[in-house]
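Student: Could you take me closely through one part of this structure, the place where two helices pack together, and then show me what lies elsewhere in the chain?

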Amino acid sequence: MAAGERAAEPAPELSPYVVARPLLSEAAFAEQHERRPPPPAALRQRARAACSCSRKKALRAAKALLPVLEWLPRYPLREWLLSDVISGVSTGLVATLQGLAYALLVAVPVGYGLYSAFFPILTYFFLGTSRHISVGPFPVVSLMVGSVVLSMAPDDNFLIDGSNATGANSTGPLIDTAARDAQRVLIASTLTFLVGILQVVFGVLQIGFIVRYLADPLVGGFTTAAAFQVFVSQLKIVLNVSTKNYNGVLSIIYTLIEIFERIGTTNIADLIAGLLTIFICMMVKEINDRFKHKIPVPIPIEVIVTIIATGISYAADLEKKYNAGIVKSIPRGFLPPEPPAVGLFSEMIAASFSIAIVAYAIAVSVGKVYATKYDYAIDGNQEFIAFGISNIFSGAFSCFVATTALSRTAVQESTGGKTQVAGIISAGIVLIAILALGKLLEPLQKSVLAAVVIANLKGMFMQVFDVPRLWRQNKVDAMIWIFTCVASIILGLDLGLLAGLLFGLLTVVLRVQFPSWGGFGNIPGTDIYKKVKEYKNAVEPEGVKILRFSSPIFYANIDGLKSSLKSTVGFDAVKVYNKRLKALRKIQKLIKKGKLKATKNGIISEPGISNEAFEPDEEPEDNEDLQVPTKEVEIQVDWNSELPVKVNVPKVPIHSLILDFGAVSFLDIVAVRSIRTIIREFERIDVRVYFASYQDNLIAQLEKSAFFDDVVRKDMFFLTVHDAVLYIRNQMTYSDNQDPIFEKISLMQESKGPIEFTDTSRPEDELDVQEEAMRRLAS
């Protein structure tokens with residue numbers, strides 16, 4: 001048996017059970033069990049509870065703001081310290097290389113990637129609630145930051161005349177790389193600062209729930225598209241082909257076209273180094289995955305490849321002999337903190353919003369995976385604050401936006417990391433690289449760093465294979481994945497994320513607007529009701545239709561409720577009522593002409609008179625006064641039998657309608673008004689409407705909306721569908737033997753005017769909102 005597979009258990013014998021209880025409507029249940037809604041807390045009490053302070057409450061607030069106070073005092077030094085040290089060293093080596101590599105995505109000098117792998121860890125150690133994530137750069141977020149940097153500081157803004165450049169042989173325009181890099185670093189750090197502010201605001205306002213709108217299919221499609229964008233951006237570095245910096249819609253297409261147009265200028269030394277790095281890294285990563293239970297520590301292949309590539313580049317002097325692109329200079333030590341360029345906030349506020357959400361979503365989703373695995377909880381709102389303060393702090397030291405990287409976090413966890421102590425130790429390794437090892441990495445080829453980035457994209461590219469599985473399980477989720485991926489590739493990551501989010505919300509709206517519904521029937525001998533179309537043994541009670549509407553009911557889907565109602569019962573209640581009125585007026589006219597007689601037994605023709613009662617439905621009514629005996633006659637009309645007039649009155653084969661509201665979570669005012677109208681429309685054709693399986697909050701909502709009156713009462717509401725069916729049966733058993741579909745009409749035959757019938761117009765308060773609006777406009 002496979003590990004984790006549950007053993008097959010013998011099926012228990014299913015014994016029947018019997019429950020005896022009285023038939024309960026809402027009114028009877030509330031009276032019998034004394035329904036008492038909880039009184040709302042007084043404003044004064046709530047203010048006192050919020051503003052009161054005690055030692056215990058202050059300590060709890062301090063631990064919530066600084067989670068390190070919760071776990072560090074209980075840190076088991078002997079059991080966990082060695083594991084955290086080993087994990088921290090391994091993670092620090094990977095973080096150093098990834099920091100250098102991801103700086104290429106941000107379009108800043110690679111040395112600033114080391115700062116971004118160091119500073120955010122310091123604050124997250126105190127403020128974060130996840131014990132296992134490794135804080136630092138991530139390729140998707142780095143690329144989003146880089147797109148903002150390139151759009152605000154393109155190369156064209158830093159062109160200088162080559163003839164004025166000192167020591168330059170070219171007379172054409174050159175790029176002032178020093179000014180360009182300085183401006184790009186300023187933009188990246190300012191963007192990081194602004195992202196941090198937004199994240200802190202989100203955390204303080206307790207809106208960590210916003211990440212729930214980023215569904216797994218949306219995130220999968222977005223990260224796959226981002227991986228493709230990252231691949232294209234690093235491809236030109238591996239080939240050492242210079243292209244323009246495109247941004248916006250179709251930018252990735254334009255970049256690919258230009259790469260292939262200039263592929264003849266590929267640097268062979270960089271290409272070979274990049275391909276070898278990709279092949280070796282992916283092969284060793286596969287070995288790490290397959291033999292992770294046998295290898296105590298994953299092989300740090302990125303570090304090994306980087307050291308070897310640096311030595312080869314230095315020994316062979318690849319820059320001078322083969323014109324290979326190398327790192328050239330990595331600053332040693334730290335730069336003094338710099339204030340952000342506040343004037344740039346207005347230009348980057350839209351992009352910073354999407355970056356803040358994406359960075360948070362990635363970190364929380366990864367953190368939840370390991371929190372579930374090791375049985376602890378992370379606080380989503382506190383994570384917003386932790387990453388926000390980390391980005392504000394690191395933005396002052398020329399860093400770019402931090403989140404977490406999946407591969408780096410996997411290294412930290414798989415090498416035995418227990419807490420963020422491993423994170424602090426990894427920051428120490430990055431610190432050593434900043435202070436002492438930066439000079440040694442200057443001969444390293446940029447194509448090797450780009451290849452390291454590409455090799456780490458494998459996991460994101462493998463998400464493509466989720467699409468067939470999603471399509472089999474849920475086609476809507478598969479469409480969200482595909483749409484978000486395609487939109488992010490074509491429109492860019494920021495607009496693509498927005499488009500995917502809107503598309504996902506649209507699918508939710510459509511699913512609520514067009515929910516599932518169906519007519520239900522009873523499984524004989526039980527109180528179970530299932531769809532008649534799906535279960536052969538489900539039988540509809542005689543004269544009763546049961547409709548289940550599986551959605552909240554509001555203004556957008558009220559028409560769907562009405563159409564599903566017509567489909568279930570098989571007729572339109574308004575049309576039936578109007579046809580009946582028309583038939584009754586014709587019967588009255590024929591009685592006055594003497595062609596029909598009204599008796600207590602019904603309507604009969606005069607003997608010896610041809611049956612001229614079957615007049616065309618279109619004949620205009622004759623209001624001629626007729627001489628009729630002075631006597632009151634009571635007429636019974638069986639609307640389901642053949643009528644003596646040619647008026648096509650639809651048959652109504654039911655006497656009761658049950659609306660199963662078990663899946664209805666709320667009603668808006670439009671739904672309340674429309675349901676009142678539906679009740680009255682069915683009541684006037686002698687079809688009683690009942691409600692079943694409702695939720696308690698619906699009753700309170702209906703009471704606030706003044707739903708109940710003399711016609712619409714609480715005894716129309718039943719706890720279950722079976723309660724409603726049994727009630728209807730009892731009513732039918734004790735009712736008169738006459739068909740309740742009959743309609744009794746009193747004709748005062750001495751009257752010379754036409755019989756007055758119920759007006760077909762509905763009261764103003766029962767009109768649909770659309771009709772009411774039209775009436776107001778017309779008046």
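Tutor: Before we look, it helps to know that an axis here is a line fitted to the C-alpha atoms of the stretch of a helix that is in contact, and that the angle between two axes runs from 0 to 180 degrees between their N-to-C directions. This is a predicted model, and in it the axes of helix α10, residues 216–239, and helix α19, residues 446–455, come within 8 Å and cross at roughly 155 degrees. Because angles over 145 degrees count as roughly antiparallel, α10 and α19 are therefore described as roughly antiparallel to each other. The crossing of these two helices, α10 and α19, is left-handed. On the side of α10 the contact is made by V230, F231, Q234, I237 and V238, while α19 contributes K446, S447, A450, A451, V453 and I454.

Turning to the strands, an open sheet is formed by 6 of them, in the order β6-β5-β7-β11-β12-β13, with mixed pairing. Its edges are β6 (529–531) and β13 (717–718), and each of these has a single partner strand, so one side of each is left without a neighbour in the sheet. Within the sheet, β5 (residues 517–522) and β7 (residues 544–549) run antiparallel and are joined by 3 bridges, with W517 standing opposite F549 in β7. Another helix, α26 (residues 669–683), lies across β11 (656–660) and β12 (688–692), and runs at about 140 degrees to β12.

Conventions. Residues numbered from 1 in each chain as written. Predicted model: local features only at pLDDT ≥ 70, side-chain atom pairs only at ≥ 80, totals over all residues. Heavy atoms only, no water. Pairing = 2+ DSSP bridges. Helix = DSSP H or I, 4+ residues; strand = E, 2+ residues; numbered from the N terminus. Contact = heavy atoms within 4.5 Å. Parallel < 35°, antiparallel > 145°, perpendicular 65-115°, else oblique. Left-handed = near helix turned anticlockwise from the far one by under 90°.
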